[in-house]
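Ready for a little practice in reading a structure? Take a look at the sequence and the model below, then work through the exercises at your own pace.

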Amino acid sequence: MQAFLDIFDIYLLEAVVNGILLGGVLALLALGLNLIFGVIDVTWICYAELVMIGMYAMYFLVQYYGLSYFIAAPLTILLVALLGAALHYFVIAPLLTAPPINQLLATGGVLFVLQSFATVAFGINFRNLGIRLPVLSLGDMNFSYARLLSFAAALFGMVAVYLFMTRTFTGTAIRAIAQDRQIMPLMGVDARRIYLVTSAIGGGLAGLAACLLVLQYDVHPFVGLSFGPITFLICVLGGLGNFIGGFIAAFLFAEIIALGGLFSDLEWGYVLAFAFFIVMMFIRPAGLLARRR
Amino acid sequence: MKARYIGWIVALAIAVALPFVHRDPYHLHIMVLILIWSFAYTSWSIMGRFGLVSLGHGGFMGVGAYVTALLWNHLGITPWIGIPLSMVGAGVLALVVAYPCFRFRITGHYFVLVTLALSGIVLQVITATRDYTGGSLGYTPNRAPGHNWLALQFDDKVTWYMIALGVWLGGIVIWHWIDRGMGRHAMEAISEDEDAAAAAGVNVTAEKLRITLISALMTALAGAIYTQYQMFISPDTVSGIAVSLQMVFAAIVGGLYVALGPTVGAIITIMLAEILRIFFGTGAVGWDNLVYGMLLVLFIIFLPKGILGSISERFAAARKS
């Protein structure tokens with residue numbers, strides 16, 4: 001009995017740590033989505049599909065063109081950033097004065113386009129990067145380096161965005177426009193340029209997430225569906241546009257998924273997370289950090 | 001007004017007579033599919049036209065399809081009981097998710113994202129319970145021999161055409177019933193301004209729940225009928241985000257604010273998929289969705305009222321001048 005408990009505890013601890021590591025990447029995704037929502041007031045339904053495209057870019061750069069991972073990663077981030085800017089320029093910008101639901105649905109159309117583009121161009125086979133990182137053994141627990149690296153890089157990305165937002169003029173302008181959309185253009189800030197820059201940053205974060213996720217998961221055209229919905233739940237739970245709320249919610253969800261996955265399948269972890277979300281909506285409908293009305 | 005009724009009756013008579021005149025099984029198959037999906041799209045538009053944009057309908061459809069098939073295969077419960085049960089299941093799911101949303105004023109983006117997650121989760125559950133549902137490989141209800149009323153399985157396409165036509169007509173009648181009722185005014189007021197509607201004495205939560213429930217029940221029925229007709233379902237064809245978006249796409253392209261809009265949308269989407277399939281064969285995998293996606297974006301930017309909506313608006317304008 002005692003031996004059983006010991007093993008159980010180690011697995012539990014391992015799951016908790018893995019949950020934290022997963023939380024880093026989820027927090028990164030939530031940050032990108034929150035940034036775009038906070039500044040442009042648009043939700044990119046196709047956000048996870050941008051990540052999927054980024055994962056394919058990594059796959060081809062590393063596997064076909066033989067680039068090293070660390071050269072391919074910045075290229076991918078740049079590519080997805082450009083994709084984000086293009087998405088804003090061609091789809092969102094013409095709809096800025098339309099009802100917000102239309103903008104959201106248009107990005108739903110983009111989701112379709114990206115998914116089927118990947119199907120047509122790359123086929124539906126599962127592909128992986130072929131990089132196998134060693135496993136770190138700590139006591140009796142095993143952690144993959146891929147997850148540790150992802151966690152570190154995700155934190156680094158978030159700190160970089162934070163510094164950009166607080167230390168540069170453009171960053172300050174982005175935060176200002178998030179606070180008041182009408183006044184800032186009168187202060188001489190070019191709103192269109194700020195929106196484009198924000199979209200590019202949001203895309204870049206998706207690109208970074210893609211570089212990290214491709215280390216752990218196989219790429220296929222529908223891979224976005226496996227973490228897209230959870231990212232949206234995180235953003236709503238944290239309060240759309242609320243960076244800190246999104247950060248906390250990401251770790252909460254990651255723990256639920258990791259612990260749920262410990263006791264049964266990973267899919268049930270997602271289901272548990274959703275059930276938790278519904279319960280939280282009754283308790284804190286306006287997001288985790290919102291003041292009670 | 002009278003001319004309109006006569007038009008409807010003539011059109012219906014033609015629709016009923018059609019399979020007896022033109023018996024080509026392939027064409028009938030396409031028409032049955034169009035009718036079933038039109039019904040599903042109509043059920044979505046009942047909510048969608050009031051600004052309640054739900055991406056959770058893939059989830060309701062999945063519940064309708066899988067619960068009916070699972071009850072039949074595992075417990076031997078006839079679809080005549082299984083379909084109502086699956087509709088109850090979808091209705092309960094809709095209420096559990098929608099009640100907190102409406103009670104706590106979760107609207108707009110938030111509502112879309114919550115419902116989006118709902119359809120994602122239903123997909124996950126179907127995949128996770130692969131021991132029972134066959135997971136992503138799909139699921140087939142057990143065959144009953146021949147023309148079996150108890151199992152609601154028919155070899156004959158004409159029978160299915162009649163069933164699908166009846167269900168579709170039911171959907172259109174419900175659309176009109178809501179369009180004529182007081183609920184429509186209440187819902188329109190709510191979609192304009194919830195606080196003002198509440199101040200004017202509209203029970204916002206109850207009205208929204210009612211419309212959501214009707215829409216979810218109809219969508220589950222569409223899923224169940226689809227299962228019985230196709231005799232094969234997979235998580236991707238009846239549930240998940242892609243199906244939800246497909247509903248949005250068809251309703252918007254056809255026209256969200258007119259009764260036959262979703263039907264026109266279904267005709268366009270299914271014909272498009274079939275034509276692509278005929279021309280490109282199996283190489284067409286993915287192309288239909290690529291075209292849908294682009295059309296959806298273009299329609300939202302340039303023609304948000306949809307094809308039928310824009311045409312009828314032109315007619316109305318021409319009549320006035």
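Here are six exercises, each with a worked solution.

A word on the ground rules: this is a predicted model, in which local features need pLDDT of at least 70, side-chain atom pairs count only at pLDDT 80 or more, and totals for chains, interfaces and linings use all residues. Residues are numbered from 1 along each chain as its sequence is written, while chains are lettered from A and ligands numbered from 1 in the order in which they are written.

**Exercise 1. Find out what the confidence scores are for the model and for chain B.**

Step 1. Start with the whole model, which scores ipTM 0.76 and pTM 0.83.

Step 2. Turn to pLDDT, the predictor's confidence in each residue, from 0 to 100. Chain B has a mean pLDDT of 85, and 98% of its residues reach 70 or more.

Step 3. Now go element by element. In chain B, the lowest mean pLDDT (76) belongs to helix α15 (residues 307-320), and the highest (92) to helix α10 (residues 204-230).

**Exercise 2. Describe the make-up of chain A.**

Step 1. List the elements, using DSSP runs numbered from the N terminus: helices are H or I with at least four residues, strands are E with at least two. Chain A has eleven helices and two strands.

Step 2. Put them in order along the sequence: α-α-α-α-β-β-α-α-α-α-α-α-α.

Step 3. Check burial. A residue is buried if 20 or more other C-beta atoms lie within 10 Å of its own, exposed if 12 or fewer, and partly exposed in between, with C-beta atoms placed from the backbone. Of the 293 residues of chain A, 51% count as buried.

Step 4. Look at contacts, where two residues qualify if their C-beta atoms, placed from the backbone, lie within 7 Å. Among the contacts in chain A with a separation of 6 or more, 76% come from residues 24 or more positions apart.

**Exercise 3. Compare the surroundings of Leu31(A) and Phe70(A): is each one buried or exposed?**

Step 1. Locate them. Leu31(A) sits in helix α1 (residues 2-40) of chain A, and Phe70(A) in helix α3 (residues 69-92) of chain A.

Step 2. Count neighbours. Leu31(A) is buried because 25 other C-beta atoms lie within 10 Å, whereas Phe70(A) counts as exposed because it has 8 C-beta neighbours inside 10 Å.

Step 3. See what Leu31(A) touches. Not counting residues up to four places away in sequence, its partners are Met158(A), Val161(A), Leu205(A), Phe243(A) and Gly246(A). The C-alpha atoms of Leu31(A) and Met158(A) are separated by 7.7 Å, although the two are 127 residues apart along the chain.

**Exercise 4. Explain why the buried residues of helix α6 of chain A lie on the same side.**

Step 1. Pick out the buried residues of α6 (residues 169-179) of chain A: they are Ala173(A), Ile174(A) and Ile177(A).

Step 2. Measure the arc, taken from the directions from the helix axis to the C-beta atoms. These residues cover an arc of only 105° around the axis, so they are on the same side of α6(A).

Step 3. Recall the helix rule: an α-helix has 3.6 residues a turn, so residues three or four places apart point the same way.

**Exercise 5. Work out how α3(B) and α4(B) cross, and where Gly82(B) fits in.**

Step 1. Take the axes, which are lines fitted to C-alpha atoms, for helices over the stretch in contact, with angles from 0 to 180 degrees between N-to-C directions. Those of α3 (residues 57-75) and α4 (residues 79-103) of chain B come within 8 Å and cross at roughly 145°.

Step 2. Sort the residues of this contact: twelve are nonpolar (Ala, Val, Leu, Ile, Met, Phe, Trp, Tyr, Cys and Pro), six polar (the others, Gly among them) and none charged (Asp, Glu, Lys and Arg).

Step 3. Zoom in on Gly82(B), which lies in α4 of chain B. Gly82(B) is buried, with 25 other C-beta atoms within 10 Å. Leaving aside neighbours within four places in sequence, Gly82(B) is in contact with Val67(B), Thr68(B), Leu71(B), Trp72(B) and Ile77(B).

**Exercise 6. Describe the side of chain A that touches chain B.**

Step 1. Count both sides: 40 residues of chain A are in contact with 39 residues of chain B.

Step 2. Name the elements of chain A that give two or more residues: α4 (100-122), α9 (224-238) and α11 (266-283). The most come from α4(A), with 17 residues.

Step 3. Sort the residues on this side of chain A into 31 nonpolar, seven polar and two charged.
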